[in-house]
Amino acid sequence: MKTVRHFSILLACFIMTISVSAQKVKTESFKVSGECGMCKKKIESAARQAGATHASWSPETKVLKVTYNVNGGGISAIRQTIANSGYDTPGYKAPEEAYNSLDECCKYPREVNTAAPCCSGKEEMKDSKCAELPVCQGKDCCKKS
Ligand SMILES: [Cu+2]
């Protein structure tokens, strides 16, 4: 009888372990472009909005450390939401409008070259759809800088 009770306690422990690991929490770090303390607030709140339980971004290293539940939207939802708020993340580029509406102090240098293939040098394209055109048909795609 005693062994049976021991066994059921063991079993109960085992089941509890399984249910805890079912809500798996993961911590990941990745680079997010940004500049200052204001960026920090916006990046971290975007991450939380997308389901991160903890988010901490460093203006020095530009690395965001997030903790999230793998059963939620996951890391891609977090990256996407941060990008939508104006900050480039790995695999997700912030839309032009979002980047342009950032405060001046927050406008980080973009690593991704926004120039269309038909625009020479430092000229940027007026809108991102231009780049999809084969060699930018109507060439007034390019902003004069
Ligand atoms: Cu900023």
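Good morning. Helices, of at least four residues, and strands, of at least two, are here DSSP runs numbered from the N terminus. With that in place, the order of elements in the protein chain can be read from the N terminus on as α-β-α-β-β-α-α. This amounts to four helices and three strands. Please keep in mind that what you see above is a predicted model.

Two figures describe the chain as a whole. Of its 145 residues, 22% are buried. Among contacts with a separation of 6 or more, 42% link residues 24 or more positions apart.

I turn to the sheet. Its three strands form an open sheet in the order E1-E3-E2, with antiparallel pairing. E1 and E2 are the edge strands, each pairing on one side only. From one strand to the next, the twist averages 15°.

How many bridges join E1 and E3? Seven bridges hold this antiparallel pair, and Phe 30 has Leu 64 in E3 as its bridge partner. On the other side, E2 and E3 also run antiparallel, joined by five bridges. Two facing positions can be picked out in the structure: Ala 55 is opposite Val 66 in E3, and Ser 56 is opposite Lys 65 in E3.

E2 and E3 make a hairpin, with five residues between the two strands. Lys 62 lies in this loop between E2 and E3. Its phi is positive, about 65°, although Lys 62 is not a glycine. As a general point, most residues other than glycine have a negative phi. Is Lys 62 buried, exposed or partly exposed? Buried requires 20 or more other C-beta atoms within 10 Å, and exposed requires 12 or fewer. Because Lys 62 has 17 C-beta neighbours inside 10 Å, Lys 62 counts as partly exposed.

Now please follow the side chains along E3, which alternate. Leu 64, Val 66 and Tyr 68 point to one face and are buried. Val 63, Lys 65, Thr 67 and Asn 69 point to the other face and are not buried.

Next come the helices. H3 covers residues 74-84, and its buried residues are Ile 75, Ile 78, Arg 79, Thr 81, Ile 82 and Ala 83. What do these buried residues pack against? They pack against strand E1 (25-31), helix H2 (37-49), strand E2 (52-57) and strand E3 (63-69). In general, an α-helix has 3.6 residues a turn, so residues three or four places apart point the same way.

The two helices H2 and H3 deserve a closer look. A pair of packed helices is described by the angle between the axes and the distance between them. For H2 and H3, the angle is about 140° and the axes are 8 Å apart. Angles over 145 degrees would count as roughly antiparallel, and 65 to 115 as roughly perpendicular. H2 and H3 are therefore oblique to each other. The crossing in which H2 passes H3 is right-handed. Where the two helices meet, H2 contributes Ile 43, Ala 46, Ala 47 and Gln 49, while H3 contributes Ile 78, Thr 81 and Ile 82.

Several of these residues return in the core. Nonpolar side chains tend to be buried together in soluble globular proteins. The largest nonpolar core here has 19 residues, and those with the most contacts inside it are Ile 43, Ala 47, Ile 78 and Ile 82. At least two residues of this core come from each of H2, E2, E3 and H3. Consider Ile 78 as an example. Leaving out residues up to four places away in sequence, Ile 78 touches Ala 47, Ala 50, Gly 51, Ala 52, Val 66 and Tyr 68.

Finally, I consider the two ends of H3. Gly 73 is placed in the loop between E3 and H3. Apart from its neighbours within four places in sequence, Gly 73 is in contact with Ala 50 and Gly 51. Its C-alpha atom is 9.3 Å from that of Ala 52, 21 residues apart along the chain. Gly 73 is partly exposed, because 15 other C-beta atoms lie within 10 Å. At the other end, Gly 86 comes just after H3 and has a positive phi of about 115°.

To close, the picture is of an open sheet in the order E1-E3-E2, with buried residues of H3 packing against E1, H2, E2 and E3. Thank you for your attention.

Notes
Residues are numbered from 1 along each chain as its sequence is written. This is a predicted model: local features need pLDDT of at least 70, side-chain atom pairs count only at pLDDT 80 or more; totals for chains, interfaces and linings use all residues. Two residues are in contact if their C-beta atoms, placed from the backbone, lie within 7 Å. A nonpolar core is a set of buried Ala, Val, Leu, Ile, Met, Phe, Trp, Tyr and Cys residues joined through C-beta atoms within 7 Å. Two strands pair if DSSP finds at least two bridges between them. Axes are lines fitted to C-alpha atoms, for helices over the stretch in contact, and angles run from 0 to 180 degrees between N-to-C directions. Angles under 35 degrees count as roughly parallel, over 145 as roughly antiparallel, 65 to 115 as roughly perpendicular and the rest as oblique. A crossing is left-handed if the near helix is turned anticlockwise from the far one by less than a right angle, and right-handed if clockwise.
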